[in-house]
Each structure stands twice: as structure tokens, then as C-alpha cells.
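Me: I am new to this structure and would like a close look at a single part. Please choose one, describe it carefully, and then lead me on to other places worth viewing.

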Amino acid sequence: MTTTTRITTVTDAAAALRHGETTASELLEQCLAAADALDDRIGVYLARFDDLARDRAARVDAKIAAGQPLAPLDGIPLGIKDILASTHGPTTAQSQALDSAWGMAAGDSAVVERLERAGAIITGKTTTMEFAVGVPDPDKPFPIPRNAWDTERWAGGSSSGSASGLATGMFLAAIGTDTAGSIRIPAAFNGTTGLKPTFGRVPKSGVVPLGYTLDHVGPMARSAADCALLLSIVAGHDPADSYSATAPVDEYPGALTGDLGGLTIGVDNLDRYANAGIDLIQPQRFTAALDVLAAAGARIVPVEVPMYPEVVAIDVVVMLAEAHAYHRSPLRSRWMDYGRATRIVLASGSEISASDYLQAQRVRRIAATRMAELLNDVDLVVTPTGHLGAPRLDAIDQFQPLDVLASLHTPYWNPLGNPTLALPIGLSADGTPLSMSISGKHFDEATVLRAGDAYQRRTTHHLAIPTIR
């Protein structure tokens, strides 16, 4: 007997498949119907792989009928940010400046290969900001990613479609990338959960680069439990990525006990750095979230994260320099093929000198040492992901694209490389989602996910389904 109840999490879907409560084809059709109904308004997909997805779902159903064991992600519909190479279709990075053959000859990116080996059904390539940077450009022939809670607002960059597609049920999980917050910002704005793993934890081979020493690949889903399952599949060394870490991969789902007893969580509200303002309800939402963590057994203590302004500046300097290094030649030959905001961001990297870059890297090492010292005193650090909900699209300035980072606190964690989980904590005064971030020691995603899961076992914000307006 199958269910007509909408399934929103990977863990629920996997259990329902194994108990005969639904089929892979039903799960997929639920997602395709949501895309048919909403994608014209939300702007999630650059390419859909409906026929391929239906064929793979039918194969999973045949496995179930034959009594064969299922792989961890068998039957799970999943969207891929369109800067990860996939042989199912071209990788565009949502740009007219990228060679249309990019990635096709090399095959799937390491992450896509691992996901499909685990049974995931790739439904399509999702929208991003051009080359994972900048803001939407209405003059270019690509969908404008819109917020799942209010279509007049931004979905967040740059893993935009991955987050809004999750929130609207077009797939049950997604993959994003994060150089200054590009997993965590759209997760925060759309009320979903997103994990930036430790730098090097997930390989970047087959991913269009933005900042070589800042880029992270990570899972996006409804819940921390879903992110734990996905991370267990995509994490691990890949020799094709020179930045890929060799640290052993934990059994992340097994770490989710629901209990935070014995953990000390350091909290910094970062109010002093909310340069664009603070939502009227945000302090209340954040305090309530801390109370839930305490109720789960954690000891909450105040801390001050080290060198906040310096580290945020480092993220910008290093990202601009490394992005310009990658785009220097095509910027000269294909200037007008880039969007307005992207041109501004990438070209500004030419003003970063070698001494600027080296100094940023030197201070970066100092800041990483100080954060490691703080994490010797506490197990986790919790902050707001940002102090405001999603901005209106008509308020975004094409000529000042980095202004969207004001009152967002995601760039701080990229130069440091620590794992950081963004998860929803309720709605803002404008009725759009707010989020908190949980960060931990390098390669201790297990504890970060344990805290996020403990919070979500006691709350339902991550399961809220938006009413499109």
C-alpha cells in the first residue's frame, strides 16, 4: 500500500521505500509535478533529466520487487548545482562565457559519480549565480532564481536553485558549493539545511572553480540527518583533487544520538557586525534556538570569535584574486558574455597585488590557529547565519554585488575551513526564514551534525513548507 502524504526528507523516503509505503516512481513523480507546477515562478532548473530519472526510478522499483537490497540513496531524487560536471548534460555555470564542452569529455565530477553509485536519481542541473559569484542578471537568458517563500525576494547565492528546489519539493536533496556562503546563504533564505564540510573533506574534482583555496562542496537537504547521510557518501579522498584531504571518513548518521550532554557550545551573536541591520524578531528566534540546544543537554557559554573583520576581508581578497586568476583570459576575450555583476567582481581581482594575497594568507593562518585555540575550550561555536531574511530582488545593486553580504556571516568560515551547518530557526518579521550556524573542529562534522540533528528533533522549522507568494 502506498502513501499519498508528501515525503520531504531523504531519511523518511528511504524508510518508506524499504517498508513498501511508496515507490521510487511515486517519489519521483511527486517531485516532477512540483517542478511542473512551480518552476516557471521559482527558477530552479537549468536542465531537467526527466526521461533518465524515470528510467532509474523504474529500475529501483524492479530491485524492490525482486527483493534485492537497496543502496543508501536508491530512489532518492536529487538536484545538482550547475557547476558540477555531469555526463547527463552540459555544465554551463549559468554563463555564456563557459565553453559548452566543459566537463563533458572528462565525465562526471567525483561527487556526482559517488551519488549515482549510491543510487541517487539525478533530476537535473540547478540554477546558480554565474560562475558561483555575483547576483542575478535579468539581461542574461537564464532563469532568475527566486525565493521559495516570496518570489519577489532572492533565493540567495550561489546554490540558489538547490535550496529553493528543496523548499518547494522538486527534489529531496541537492548538492551545492560554498566559497563565501553559497551553500549556507540559500539554505538560510529558503528555510532548508546546508552543510559546508571541512575544506578538502569532499573532493572538488570536476567542479568549476571560483576560489581554489576557499571552495567547498557539500550537501543540502531538509534536515541535518539527511546531510549526514549524504556526507557519508560524497566525503573521502580523491587523488584527482590536489586539495582533497586524506582524513578518514566518519560514520556520520551513527553519530546522531539526539543528546548533547557533555558538549560545551560557545555562542557569539555577532550583533556588532550586522552592518545592514537586524530583523526585529531575529534576536528572539536565536535565543529560542539556544534554549533548545541547552534543553538537549549542551552547556551554553558566551565567546567572541577571533579576528572576525580580518577573516571576512581575507575571504574577499583571496576569492577575488583566485577567481581573477581563473578568468583572466576569458574576461579579456569575452567581456560582454559575462553578466554585469560577475564582470565587476571578477575584474576587481586584478587590483589584488601579490603582496595583498600573500599577506591575506599569512593572517589567515594566524586566524585559523586562534580558532583552533577557541575550539580547544568549547566543542562547537554557534552564531546567526545572518541577521536578516532574504532581500527583495529589486533592492539588489548590480554594480555593488558584494553588498548582499552585509548582515550575513557566512564568509568568516571559508578561510578557516571549519565545518559549518546552517539550519532554520523560524521566520523573520517579513515572513521569510532565519537561520543559525553550528561550526566545529576540522573534520569533526559528526559533532556539528549531532548538534543540528538534536535541535531538529525538538523543532519543526526544517519541515515547514512555504506557501508560494
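The close look

Reply: In helix H7, the buried residues are Ala224, Ala225, Asp226, Cys227, Ala228, Leu229, Leu230, Leu231, Ile233 and Val234, where buried means under 20% relative accessible area, exposed means over 50%, and partly exposed is in between, with a 1.4 Å probe and protein chains only. The model is a predicted one, in which local features need pLDDT of at least 70 and side-chain atom pairs count only at pLDDT 80 or more, while totals for chains, interfaces and linings use all residues. Residues are numbered from 1 along each chain as its sequence is written, and side-chain values use heavy atoms, with hydrogens and water left out.

With ten of its eleven residues buried, H7 is mostly covered; its name follows the rule that helices (H or I, at least four residues) and strands (E, at least two) are DSSP runs, numbered from the N terminus. Just after this helix, glycine 236 takes a positive phi of about 125°.

The loop that follows leads to the aromatic rings. Seven aromatic pairs are found in the whole structure, a pair being rings of Phe, Tyr and Trp (its six-membered ring) whose centres lie within 6.5 Å, with planes under 30 degrees apart counted as stacked, over 60 as edge-to-face and the rest as tilted. One of them joins phenylalanine 199 and tyrosine 243, whose ring centres are 5.7 Å apart and whose planes stand at 65°, so this pair is edge-to-face. Because phenylalanine 199 lies in the loop between strand E5 (193-196) and strand E6 (216-221), and tyrosine 243 in the loop between helix H7 (224-234) and strand E7 (264-267), the pair ties together parts that are 44 residues apart in sequence. Tyrosine 243 has a relative accessible area of 36% and is therefore partly exposed.

Another pair, formed by tyrosine 412 and tryptophan 413, has ring centres 5.1 Å apart and planes at 90°, so it too is edge-to-face. Both tyrosine 412 and tryptophan 413 are buried, and ring pairs link them with Tyr273 and Tyr308 into a cluster.

Tyr273 and Tyr308 appear again in the lining of the second largest pocket, which also includes Pro309, Leu405 and His409; a pocket here is an open set of points on a 1 Å grid over the protein atoms alone, where a 1.4 Å probe fits and protein lies on both sides within 12 Å along at least five of seven lines, and lining residues have an atom within 4 Å of a point. This pocket holds about 190 Å³ of space, a volume being the space filled by probe spheres set on the points, which are joined across faces, edges and corners. Its lining divides into nine nonpolar, three polar and no charged residues, where Ala, Val, Leu, Ile, Met, Phe, Trp, Tyr, Cys and Pro count as nonpolar, Asp, Glu, Lys and Arg as charged, and the others, Gly among them, as polar.

The largest pocket has about 340 Å³ of space. Among its 21 lining residues, Ala276, Leu388, Gly389, Pro391 and Ala406 are the closest to its centre, and by class its lining has ten nonpolar, five polar and six charged residues.
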